[in-house]
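Visitor: Please pick one part of this structure and go through it strand by strand. I would like the pairing set out first, then the burial, then the setting in the rest of the chain.

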Amino acid sequence: MYIQRAVPLCWNGWRQMRESRVRWIGVGIGAALLALAYPIAGQKGKKVEEAVIYQAAPLPDRIILTWAGDPATTAAVTWRTDTSVASAVAEIAVAEDGPLFRTKGHAVNAHTEKLDASPGAANVHSVQFTGLQPDSQYVYRVGDGANWSDWNQFRTAASGPAPLEFIYVGDAQNDIYSMWSRLIRNGYTEAPKARFILHAGDLVNRGIVDSEWGEWHAAAGWINRSVFSVPTPGNHEYPVGADKVRKLTGHWRKQFTLPANGLQGLEETNYWMDIQGVRIVSLNSNERQREQAAWLDALLSGNPQKWTILTFHHPILSTAKGRDNKELRAMWQPVIDKHRVDMVLTGHDHTYGRSNVTSGTSGVQGGTVYVVSVSGPKMYNLEREPWMQRAAEDTQLYQVIRIDGTQLRYESRTARGALYDAFTLSKVKGKPNKIANASLPKPEHLRMAEERKISVK
Ligand SMILES: [Fe+2]
């Protein structure tokens, strides 16, 4: 329209006028969009405090499945209400194709603890279901007898070796509800039959801030009601108290019902479980590390499982020089090599680095694969080290690990589900594992020199 009405002008003049008009049309469109976003120009909605968003109510929320015992015959569920619910209960039944299971279940009374959290206390309730049949589907709900959650479904583990699939994520930590939610949901859509989600520490940024836990639970939502969680604590779950001493946040043991089979005093942070031929071990890298080396050595000396996977927060092969943890490596790596641990899954460095099968220390051929990963939006710089087979910066990742017989298949995928790293490990009797690295597109996701000066959050 405009061009048709334009009077003849010299070329430059005409172009200037056109560009100027285009600019004004752009400004007009921008203003219209802003007006749509804010019905009254310049006015935003009133900010609702996070503590208010995530405050407890009489109805159950933060419902989460974990294990405190044998994954083949037990399951634990923990949830939160406000303090008006003093006695809580869970119901469980064998899952059926239709609704008739509702009349066949039985009730289990919950253990209730008070959780001191701004803007007021809440109650946290937990139940352990025992005597379950292996490799069987169950349904459960939680409540107070009058108000109930939805019925949620899960499957117990098989009693011996069987194909196993699980998801592993590094630090979620920051902007959890707004930025981590798509990552964990994409992980679930990629591996909906995953038996559990392993969290390698720093689930939140401030372990004593209740609303951050509210974000964490809300981001995964109902996934946590039917896929088990296996968390290990990071340094951000160890806030500094009024006495200037770092201590495990009070939220941890109350909201996660986990095994108490590690070192005394480190219950539910240092623990292990066997599931379908795989021994999963959580070490607490925040405290009493030397004692845990001896504990781990003893635990793995009598390990009948074909596969062993370790998780802890602080990597012993770091993705940045300034973050190298020599002391922890000296304490733990000889034990890891000695017992030929298959994989070590860590977080903390807010970048991605994955080793080949390592040659080990002290002359022992360990064959362990080490991973540092990050799932939330906080990103650091990476420093390339010879041990890294694959690396990434500024990339939110989750990993899907599938174990079947003598093979382990590993995939690392980005927040949008794109394959970023992959390999297969194969067991060789009496020798370290063999690795077959997938050939993946280059270049890797690495920052440009200028970008290294930018710290994202
Ligand atoms: Fe972190």
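**A close look at one sheet**

Guide: Strand 15 (residues 343–346) and strand 17 (residues 369–372) are joined by four bridges and run parallel to each other. Within that pair, Met-343 lies opposite Val-369 of strand 17. The model is predicted, and the register given here is read from it.

These two strands belong to an open sheet of seven strands, in the order 12-13-14-15-17-16-18, and its pairing is mixed. Strand 12 (271–275) and strand 18 (388–392) each have a single partner, so they form the edges and one side of each has no neighbour in the sheet. Neighbouring strands of the sheet are turned against each other by 15° on average, with direction ignored.

Strands of a sheet in general pair through backbone hydrogen bonds, in either a parallel or an antiparallel sense. Both senses can be followed from strand 13 (residues 278–282). On one side, strand 12 and strand 13 run antiparallel and share five bridges. Ile-275 faces Val-278 of strand 13 in this pair. Strand 12 and strand 13 form a hairpin with two residues between the strands, and Gln-276 takes a positive phi near 50° there. On the other side, strand 13 pairs in the parallel sense with strand 14 (residues 307–311), again over five bridges. The register of that pair can be read from Ser-282, which stands opposite Thr-311 in strand 14.

Burial comes next. In a regular strand, side chains alternate between the two faces of the sheet. For strand 13, one side carries Val-278, Ile-280 and Ser-282, while the other carries Arg-279 and Val-281; all of these are buried, and both faces are covered. Five of the five residues of strand 13 are therefore counted as buried, the cut-off being 20 or more other C-beta atoms within 10 Å of a residue's own.

Now the setting. The protein has nine helices and 22 strands. Of its 457 residues, 43% are buried. Contacts reach far along the chain: of those between residues at least 6 apart in sequence, 68% link residues at least 24 apart.

The largest nonpolar core holds 95 residues, and Val-77, Ile-167 and Leu-198 have the most contacts inside it. Helix 4 (residues 176–190) supplies the largest share, six residues. Domain 2 (50–155) and domain 3 (164–453) each contribute at least three residues to this core. Outside its immediate stretch of sequence, Val-77 touches residues including Ile-63, Leu-65, Val-127 and Val-142.

A helix gives a second case of burial. Helix 5 (residues 210–220) has ten of its eleven residues buried, so it is largely enclosed by the rest of the structure. Among the buried residues are Trp-213, Trp-216 and His-217, along with the charged-type names Asp-210, Glu-212 and Glu-215. The cover over the buried residues of helix 5 includes strand 1 (61–66), helix 4 and helix 7 (250–255). Just after helix 5, Gly-221 has a positive phi of about 55°.

As for confidence, the average pLDDT of the protein is 91, and 88% of the residues reach at least 70. Residues 1–19 stay under 50, and for them the model has four contacts beyond four places in sequence.

Terms used: Residues numbered from 1 in each chain as written. Predicted model: local features only at pLDDT ≥ 70, side-chain atom pairs only at ≥ 80, totals over all residues. Core = buried A, V, L, I, M, F, W, Y, C linked by C-beta atoms within 7 Å. Buried ≥ 20, exposed ≤ 12 C-beta atoms within 10 Å, placed from the backbone. Domains from an automatic or database assignment. Contact = placed C-beta atoms within 7 Å. Pairing = 2+ DSSP bridges. Axes fitted to C-alpha atoms, helices over the stretch in contact; angles between N-to-C directions. pLDDT = per-residue confidence, 0-100.
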